[in-house]
Structures are given as structure tokens and as C-alpha cells.
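Morning, everyone. Please look at the sequence and the structure on the screen, and I'll walk you through them.

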Amino acid sequence: MIDNIPLNSFLVISTLMFFIGIYGFLTRRNLITMLMSIELILNSVNINFVVFNRFLYPNQLHGHFFSLIVIAVAASEAAVAIAIIINIYRNFKSIDVDNLDQMKF
Amino acid sequence: MSLNDIMFYLFAGSILTFSLLTVTSRRILRSAVYLLFVLVSTAGIYFMLNYNFLAAVQLTVYAGGIIVLIIFSILLTSHVSEKAVVAPVKQQIFSALAVAAGSVLTILTIFKFTFTPTTSPAVEANVKNVGRALVSYNRDGFALPFEVISILLLAAMVGAIVLAKKEKHLVNPSDVNPENTTKL
């Protein structure tokens, strides 16, 4: 099904997605949008694992399971991060990183 | 150009456009919806690679779970009509330059490297093989990561509940100096 699509095109897609996520992480000021950028980064890494598994080592399923585990870690990370964000909002009435300098030394 | 190529370029194009829109859209709720499109297109790529179980997990956990969680928290913490604060133009330009340099370097490295696939026969990623490998404790089994991830999920769930629970003796919002919180 994927025989005529080269490996490199998948890798280029995931590279671009990774760096778009980094751009969002660097330029966004809202905690939730920064979390969304991290989800983009994790997702691009997942594509890499799966594509390497399928194209280079189809005799094993290691990349597949690594992606599954990354998805589970991303889910738990999102849950804890959103709990923290809601707590911050309750205390400071804002989730912009510019306003959160209370712990700054 | 076969149908597979068209499908691939469709998914790739939608991934790129929607991830760009995710990080540039001023409205937070819209960028959450664009992120949903990105994740669904990624599930489409997993389907193309014939990893049906992984694509189903991607659709249920990411598109069904995490996006709903993010949209809930957006609705709890900001108004729908509110626009996101943007970074200074100088910072945007430097971030874009760094990101462009990094992606060009990575793509050049990808095209220079020659990948050598294995010649062993392929194993099919159907639900039977996936389930067997997930609970097998042999050399190619994944019983230990499976258990670790289950404990991690339990810990994250308990931690999220404890963190988001309302407590009386937390910092009172009126105690926080408004000058400190509205600086910049």
C-alpha cells in the first residue's frame, strides 16, 4: 500500500511538524497553546517511530509499541498539565506566562 | 499518480497547513480544532502504513480524549472571543529563523543518509499479534512497559484530581497583589 511512497517524504513531513511545534512553543504566550505545541512535537516523533518500524524493520513491532507508550504518556501529561493550569488560573486569574513570575528568583 | 499518492499528499498537506494554523491562529479555540485536524490526519497516515490498531488508539486517545480535555480547559480559563497575546515581532523573527535553520539542516541530513531496510519477513500488526506482544514477557514482549504505563496512568489520574481539587487553605486570590499579576 505504501510501496511507491519513499521513506524520506514521511520523514520530511514529521520534521516540518516537529519544527512548527517548536516555533509555537517559542512564540506562544498562553500555557494551553504551549501545551498544544508540545502535543504537535510528540505527534511528529510518533510518526517517525512508526515509519521507521514499517519501512526499515517490518519484522518487529518495536516502533509501534513505542508510539503506543508515547501516546499514553502524552495523555497523562496533558491531564496533569491541565490540572496545574486550572489551579494557576484559580490563583492568578491568568494563564499567560508573562504574568507568572511569582516564583522567579 | 496512483490513489495512494494522492491520499498521502492530501494527508501531508493537511498536516502541514493545520499545524501551521495551530501555532499561528490568534483564537485559542480555533487552534485547538486545527490541532484536532492534525491528529486525525496523522491517524490517516497510520492507516496508510497498515497499523490499524495504532490509528484507532490515536483517534480515541488523542482526537477523542486530549482534544476534549484541552477544549474544556480553554473554555474554563478564557473567553471564546478572547484573542491570544502574541510574542514581540523580534522574538517571532528569531524563532522563525532558528526553526527554519533547524528544519533545513535536518532535511539535508535525511536526504544524505542512506537507510538500509532489513530483509527479514514482515510481521503483520493485527490485533492478535499486538495483544500477544503486549502481554508477553519473552524477548520480544512488552509486559514491563505495559505495567509501567498502567501505573503511570493511575498516578497521573490521582495527581490530576488532587491538583485540580478545590482547597480552602490555598492562596486566596484576593491576597495576590494585582500589580504583580498584571505586570507587562
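How far apart are the centres of domain 1 of chain B and domain 2 of chain B? The answer is 24 Å, taken over C-alpha atoms. Domain 1 of chain B covers 1–85, and domain 2 covers 124–166.

Before we go on, a caution. This is a predicted model. Its scores are ipTM 0.91 and pTM 0.87. Chain A has a mean pLDDT of 89, with 95% of its residues at 70 or more. Chain B averages 86, and 90% of its residues score at least 70.

Now confidence helix by helix. In chain A, helix 3 has the lowest mean, 91, and helix 1 has the highest, 94. In chain B, helix 4 is at the top with 94, while helix 7 is at the bottom with a mean of 54. Where pLDDT is low, the predicted coordinates should not be read in detail. Keep that in mind when you look at helix 7 of chain B, with its mean of 54.

Next, the build of chain B. Chain B has seven helices and zero strands. Along the sequence, the pattern reads α-α-α-α-α-α-α. Is chain B a compact globule, or more spread out than one? More spread out, because its radius of gyration is 22 Å, well over the 16 Å that the globule rule gives for 184 residues. Along the principal axes, the C-alpha atoms of chain B fill a box of roughly 65 × 40 × 30 Å. Of the 184 residues in chain B, 23% count as buried. Take the contacts in chain B between residues at least 6 apart in sequence: 46% of them join residues at least 24 apart.

Now the interface. How many residues does each chain bring to the contact? Chain B brings 82 residues and chain A brings 71. On the chain B side, helices 1 (3–24), 2 (28–48), 3 (52–77), 4 (89–112), 5 (127–135), 6 (143–164) and 7 (178–181) each supply at least two residues. Helix 3 of chain B gives the largest share of that side, 13 residues. By type, the chain B side that touches chain A has 56 nonpolar residues, 23 polar and three charged.

Over to chain A, starting with helix 1. This helix runs over residues 7–27 of chain A. Why does its length look right? At 1.5 Å a residue, its 21 residues should span 30 Å, and the end C-alpha atoms are 31 Å apart, so the two agree. Helix 1 of chain A is also largely enclosed by the rest of the structure, because 15 of its 21 residues are buried.

Helix 2 of chain A gives us a residue to follow. A:Asn48 is found there, in residues 31–55. Beyond its neighbours within four places in sequence, A:Asn48 is in contact with A:Leu11 and A:Ser14. A:Asn48 and A:Ser14 are 34 residues apart in sequence, yet their C-alpha atoms are 6.5 Å apart. Is A:Asn48 buried or partly exposed? Partly exposed, because it has 19 C-beta neighbours inside 10 Å, and a buried residue needs 20 or more.

Back to chain B for a similar case. B:Leu134 sits in helix 5 of chain B. Setting aside neighbours within four places in sequence, B:Leu134 is in contact with B:Phe142 and B:Phe146. B:Leu134 and B:Leu144 are ten residues apart along the chain, with 8.9 Å between their C-alpha atoms. B:Leu134 counts as partly exposed because 16 other C-beta atoms lie within 10 Å.

Last, two backbone angles. Which residue in the loop between helix 2 and helix 3 of chain B should you look at? That is B:Asn50. Its phi is near 75°, a positive value in a residue other than glycine. B:Asn50 is partly exposed, with 16 other C-beta atoms within 10 Å.

The other is A:Lys93, in the segment after helix 3 (62–92) of chain A. A:Lys93 has a positive phi of about 60°, although it is not a glycine. A:Lys93 has 14 C-beta neighbours inside 10 Å, so it counts as partly exposed.

That's my tour. Thanks for listening.

Note on methods:
Residues numbered from 1 in each chain as written. Chains lettered and ligands numbered in written order. Predicted model: local features only at pLDDT ≥ 70, side-chain atom pairs only at ≥ 80, totals over all residues. Contact = placed C-beta atoms within 7 Å. Helix = DSSP H or I, 4+ residues; strand = E, 2+ residues; numbered from the N terminus. Nonpolar A, V, L, I, M, F, W, Y, C, P; charged D, E, K, R; others polar. pLDDT = per-residue confidence, 0-100. Buried ≥ 20, exposed ≤ 12 C-beta atoms within 10 Å, placed from the backbone. Expected span 1.5 Å × (residues − 1). Rg over C-alpha atoms; globule rule 2.2 N^0.38 Å. Domains from an automatic or database assignment.
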